[in-house]
Every structure is written in C-alpha cells, then in structure tokens.
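Student: Could you take me closely through one part of this model, the ligand site and its surroundings? I would like a connected account rather than a list.

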Amino acid sequence: MDKLEKDKFTDSYVENLQRITLKNFDETSEKDKYDALCDTIMELINQEWRESKEKSRHERKAYYFSAEFLIGRSLGNNLINLGIYDDVKELLCELGIDFEALEDYEDDAALGNGGLGRLAACFMDSAATQDINMYGYGVRYREGLFKQSFENGFQKEQGDSWIKDGDGWSIRVDSDSRIVNFKDQQVKAVPFDMPVVGLENGKVNTLRLWQAEPFEEFEFDKFNNFEYDAAVAKKNRAEDITRVLYPNDIQRAGRVLRLKQQYFFVSASIQDIVAKYKRYFADDMRFKNFHKYHVIQLNDTHPNIAIAELIRVLVDENSLSFEEALEVARKVFAFTNHTVLQEAIEKWPIDIVEEVSPRCLEIIYQINDVLVNHFKKKGLSETEIDPYRIVINDQVHMANLAIYVGFSINGVAELHTGILKVDTFKHWYEVFPEKFNNKTNGITPRRWLLYANRPLSSFITEKLGSDNWKYNLDELKGLEKFARDEKTLNELWDIKHANKERLAKYILEHEGVKIDPNSIFDIQVKRIHEYKRQHLNILHIIYLYHELKNNPDMDFYPTTFIFGGKAAPGYFRAKGIIKLANEVARVVNNDSEVNDKLKVVFVENFRVSYGEKIYPAADVSEQISTAGKEASGTGNMKFMLNGAPTLGTLDGANIEIFDHAGEENNYRFGATVEDLKNIQASYNPVKLYQTDKNIRDAVDALVNGELDDNNSYMFLDIYNELINPQDGSRGDRYYVLKDFEDYRRAHEQINKDYRDKLAWSKKCLMNIANAGYFSSDRTIIDYADHIWKVDSPNY
Ligand code: CR6
C-alpha cells in the first residue's frame, strides 16, 4: 500500500466504525472494531469481485459441489491474499487497536468435519490464486461443527452458532433465491456469497452457500387463532434443513434430514447453474453446449444426487428427453472418492430417497435400467452385474451412480487410488479404466505458511532472495543448498523454538498446562478415529511412563506429547480414546518423578485456527494410521511445510512425503498394506500381548486400576477391542499391537536423533524444501488441466 492507499484505508475504516456504531471511537467495542474492519476489507474486495464475475461470465467453469467447506477464519487470510496484512496491522496499531485481539475475536467458520472440508477450502484458495474459474457450492449451516470441552476428561459438546452476531464475509443475494421441492415440503434456498480472494492477482472467485428458509415467517391465520407453535411450525421445519452440520467424520449418518440437506444444496445449485446458462446462452435451449461451459466436481458421495437432479431439471423443466439429459450429465460430472472405509461410502435406503425426492428416485431407477442394459449387451449375467448396480437390496449406491454416469473418478493419493483400482472399485476399473485417475491432495501455502508462520515465511524469502515461492511452492527446493550451512540451520532451529514458546504460552493460558519449549513437541492432531490410532500413541506413552518410573535415570530426552481433535458425539470408542489420553495426562503430569521429562496435553476444541498455532510449533508429526486406511491425510502436509519430520506409516500421502523429502529425513515404521494382507488370516493380537512384555504392561494399565475411567467402562471397551473381542472377531482390527514394537523403536530413534541439533534441523529444512509438491496449487492445476480442462478456450 502506498501512502495514499493507507490514508484512504484508515479514513474509510474510521468512517465505517462510526457509521455502524454511532459511537465515538473510544467507546467502540472489540466487536465493533472487528465488524468495521470486515466492512472495510469487503469494500476493497468488491470491485475486483465484480470484475472477476463479469470477465468469467461466458467462460468455462468448474463447480465444486461439497457438503463441507471448513473455512476457519477469514480476516487474516483475506489480508494476506490482498497483500496488505502487515500494512493493515500497522495502521490499526497506529489507531491504538490490538490487531491480534481482533484476529482472535473472529469465530471459525467450521462448516466441515475435517480433512475433506478443509481440502475444499484449500482448493478454493488455490483456484483463485491460479486464476482458475472455480465456483464453490455448499450449505450455510447455522451451527457449525460442535465446540468441544472436557469435563473430568470426557468430551462434552456445545453448539457452535458461528453467525449469531452476523457474518461479515458473506453477502446475501436474495434475488438469486431458488425454490427446492421435497416430497412433503417446499423451502426457499437463499444464497450467501463469500468472496475467495486470489493471492495479489485481482482474481476473486465465489463460494456460494445456501440457507434454507420458509416462504413466510409465520402463518398469520394460525397466529390469530392463538396457535402460536403451529404458526411457526413450517418456518422451523424449513430452517431445520440447514440448522446443523452433521458431526460425523468418515462414518455416514443415515438420517432423512441429512439426505434432505444434500438434496437441498444440490438442487438449488443445479437450478442456479441452469438458470444462468439460460440467461447467458439463450440460443441453446436444447443444452447442446451446456457441457462446454460446465464441469461439476462431486466432493465424495454427499452431493451425488446432483446427477439425478440435473436430469430432472433438464427433463421436467426444459423438455429434454431422458436420453438427451443423461448424455449431458455424462459429460458434466466428475467424482472424487475420499475413503475406502465401506461404512463411509453412502448407500441410501430407497424409502428415504423416496421420502426426500420421489422424482429423483424414479430417475435413478431409469439410470439403473440403462446401466443394466449396457452390461447385458456386454454379455454379463444378472449376478455379474450386481456389483455395478445403482439400486440393489433396496439401497441406492451413491458411488456407483457417479462412477457410471460421471466421466472421471479420482482418489486423493497414489496409494489410495491404487486401492480403488484393485479393491474398492475393482469391478469398475475393469470396465472403465480410462475414468480412473489420481489427484494427490494438497494444502494452501497461504494459510498454512504465509499466514500461520510469519517468521518462517520471512526466513524463506530471505534465504531464497525472493518471495516467488508464494506463487510457486516448488521454489522451496532452493533451500536445499543450505542443508550444510550451520548458520541457516541454527536460524531455523531458533524460529521453531520461538514458535514453540508461543504455543507453550497459549497452552498455558488455554489449557492450564505448563509445557517446556525445550522438550520435543510430538504432536497428533486430527479427528479421533480408531483407524487413525491415537490409542497406539497413548499406549506408547503409558509404556514410556512405566519405563521412566522403573528407571528414573534412564537416558531420555524430555518430550511433550500433544493431542487435539474431536470425536463424533455418537462414537463411543473414539470418546473413550479421548478420556484415555486425558487420564494418562492427569497421571503423568501430576507425577513429580517424571513430569520434568514427560508431559501430555490434549488441547480443547482443536479447529482450523488452533491448527494455525500448532503446526508451526511441532518437532514431530504423528501420522500413524493403519496402512491402507487413511486415504491421504492433509495434516501431514501442514506439519511438513512447517518443518516437522513425519513419524508415519506407509499410508496415504505419507508415502509421497517420504518419497519427496527422503526417508532419511523422516521416520517410517509399521506394516505395509501388503504385509497386512499377508498376515490378515493368521493375525493373533492375544499372542502378541502374551509374548511382548512392553505391550502387556501398557495394555494391562487399561484395566488394572492404574488408570481411572470413572466407571464409564471406556477403557475396558478399548481393552476388549484389542485383545478380548466380544463379537467373535479376532480383535485389534486396526493392528495397533502389530505395529507397537516398530513404533516404539522409531520413537527411540527420534529421542536420540533430536539431540544433534544441526542434524535435526537439517531434516526439518529438507522437509520444507521438498514440500512444494504438496501445495494445493499443484493439485488444483492438475484437476483443471486433466479433469476440468477449464483453460481450453475451444473446449
Ligand atoms: N476424513 C480422508 O479420510 C483425506 C480427506 C481429504 C477424508 C482423508 O484421508 O485426506 O478425506 N475422507 O481427501 C472423508 O472425509 C470421507 C477425511 O477427511
């Protein structure tokens, strides 16, 4: 910003502040100051936003349909992308305003559960920065992901009404409202548009989130008749649809309301797209060229009913034949799968689909008929056709629908896509190999480095002699030449240390636990799930605790184990894992014999904005899922980019991280997918328990009174899952005990290696230098070039 722009900014800020509050500057609250700042920034964005829209009006666009966008905070990110972060901070400081307090004032927009929703947000950022026309469509949940607190170590959930005080980053566009018809009700879908600002390039894309509203605020007749509840019943039923984000990560929630949410946002979005097409391409009422201007990426199975909805709109409202409409759909839809866990690949009972949209169910049956005929012609028998069917056993297979109709299906890491081909969707790969492709996930370097780690950003720019890496993260490779430069390595160590001090201070303030920034910060933050194996981490901590108790003089570098993450409210065992971590923390942290060497802390309410403080302060990134289960992971990339070596299994994108940064700079351990397949039939966790004393001591602690679960039976439940299965299975479904010894050894190595400061710092540097591949810029360019082809003018 030059002097003039600065003055203008300050003037309009002060003016906005007074206009919206009618107060004198001194009397304004933090909220007032924050609101005025949003307004001022939105004014700045506005013109570029309008221009971007205008310019792309007749261009081919990608539409990203996603039930989740885990945005987090917008203030800092927008300022960074506008290129005015430091300037604005300084200007506010001159006005005597504590900028960081304003940043902390903002509620996270937590419209997602975890990786999948955060990925969508990173993609939005990257598309805008890479000048790619990408329009996001989703749901404006009034309640985001629940807030987590701990009561006596147990997770408690509270609501997250993130917009109760307004939402400065969206614009309500009433004129674009649509009507969504369900079998039993009709609601209004009102769009709220959020600008997505590219990095200093003038490009602003749009994220359009739909909110469900009634047509009338209340029914006057009923009200007059003293039927007050009945008068607002319709309104409530309409608002229910976008009231709350389902807090299930991975597992699907088979509820009517959930399918209603999906159909709601998808129907509004399809209608929106079609209406605009008719407005701007009025000469193509047969939709012959529709596919030239639109490609719709379906983010997992959640939006897949869009396929039926597009056909419905084309047939019922635009008089295309079913065959014509299906042909359009075939060219428009592409599908991303994000998991191999069967319980997360949605299958909807037909009666629920019928209850939501009977017409869509009818269309799904029609598509299914076409599919069956297709395979019959190829000579397949009825039973051979079964795995392909969209409707089977009275269920609608949302993945089959998208794979059959769509022209592309991708996985989110090399290993994951490989598993889709040979296992999950093997039958599909055999008939449509050309549809399958991989798009390894990425993260946006703007939020996760430029914003979250200002000191490291400046360091990188200084070392590379330019800040071009912000646009092309591959340039980080240039840091490799400092791998033997002691001064650089010491500087890097100091930056990490300062970040650790900052986190320690924050944790003391917010969690009430004092941790030592000189200890190793070993961190696992992500949703709690058995396949992610937080309990492997905890069992290992119990083992360490026992070791330190038995050998107080043991040679051990002090370590702080940090956890963060939420369990789905209905997932008993995941909640048990949280209680277990908190209980181990209580015991260890209160034991003066060990608590100068070992500390454990589970931070409350881990979310995007907490992550921004945590990733930059990590020494070790725990990525310890059972091989084959974590489709990709993206937290692993955030740690890497901020210079933490990965302690990980050969799973998801970990494999690609090891390939890029070098195994010697990371710690891999554990069984591979191949290994697990080989031992699957003979695996015996009980035998491991009996023969390995370390395992036995740690597992026994779950039930021998050493740890207290307050009679919740949560620890017994974990114990049973590991070695005493109650359901006739073999136990330890996720091979926790199988990998324990290897994991223990890897930790031992880390504990030794960390003492060599220069050697350790070099590992960190090599991770940063090779993180370029994991930029979501790379991912989104790959989608744009190879699936969407949005940059070909003559598509
Ligand atoms: N839970 C995968 O499990 C992946 C993200 C984004 C997940 C995770 O490995 O990194 O998607 N899958 O691709 C689903 O949500 C279904 C996730 O976030």
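Tutor: In this predicted model, the space that the ligand takes up is the largest cavity. Around the ligand there are 15 residues, and those that come nearest are L116, H338, N441, E630 and G633. Sorted by class, this shell consists of six nonpolar residues, six polar residues and three charged residues.

Three polar contacts can be followed atom by atom, each of them made to an oxygen atom of the ligand. From E630, a polar side-chain atom lies 2.6 Å from an oxygen atom of the ligand, whereas G633 contributes a backbone N or O atom, at 2.8 Å from a ligand oxygen. S632 likewise takes part through its backbone, with a polar atom 3.0 Å from an oxygen atom of the ligand. As for cover, the ligand taken alone exposes 400 Å², and the protein buries 96% of that area.

The site can also be placed within the overall domain layout. The domain assignment of the protein gives domain 1, made up of 59–72 + 108–343 + 399–441, and domain 2, which spans 445–774, and the shell around the ligand draws at least three residues from each of these two domains. The centres of domain 1 and domain 2, taken over C-alpha atoms, are separated by 33 Å, while the contact between them takes 44 residues from domain 1 and 50 residues from domain 2.

Methods. Residues numbered from 1 in each chain as written. Predicted model: local features only at pLDDT ≥ 70, side-chain atom pairs only at ≥ 80, totals over all residues. Heavy atoms only, no water. Near = heavy atom within 4 Å. Polar contact = N/O pair within 3.5 Å; in protein donor to acceptor, adjacent residues only side chain to side chain. Areas by Shrake-Rupley, 256 points an atom, 1.4 Å probe, with all protein chains shown as cover. 1 Å grid on protein atoms, 1.4 Å probe; cavity = no way out; pocket = protein on both sides within 12 Å on 5 of 7 lines; lining within 4 Å. Sits in = over half its atoms within 2 Å of the grid points. Nonpolar A, V, L, I, M, F, W, Y, C, P; charged D, E, K, R; others polar. Domains from an automatic or database assignment. Contact = heavy atoms within 4.5 Å.
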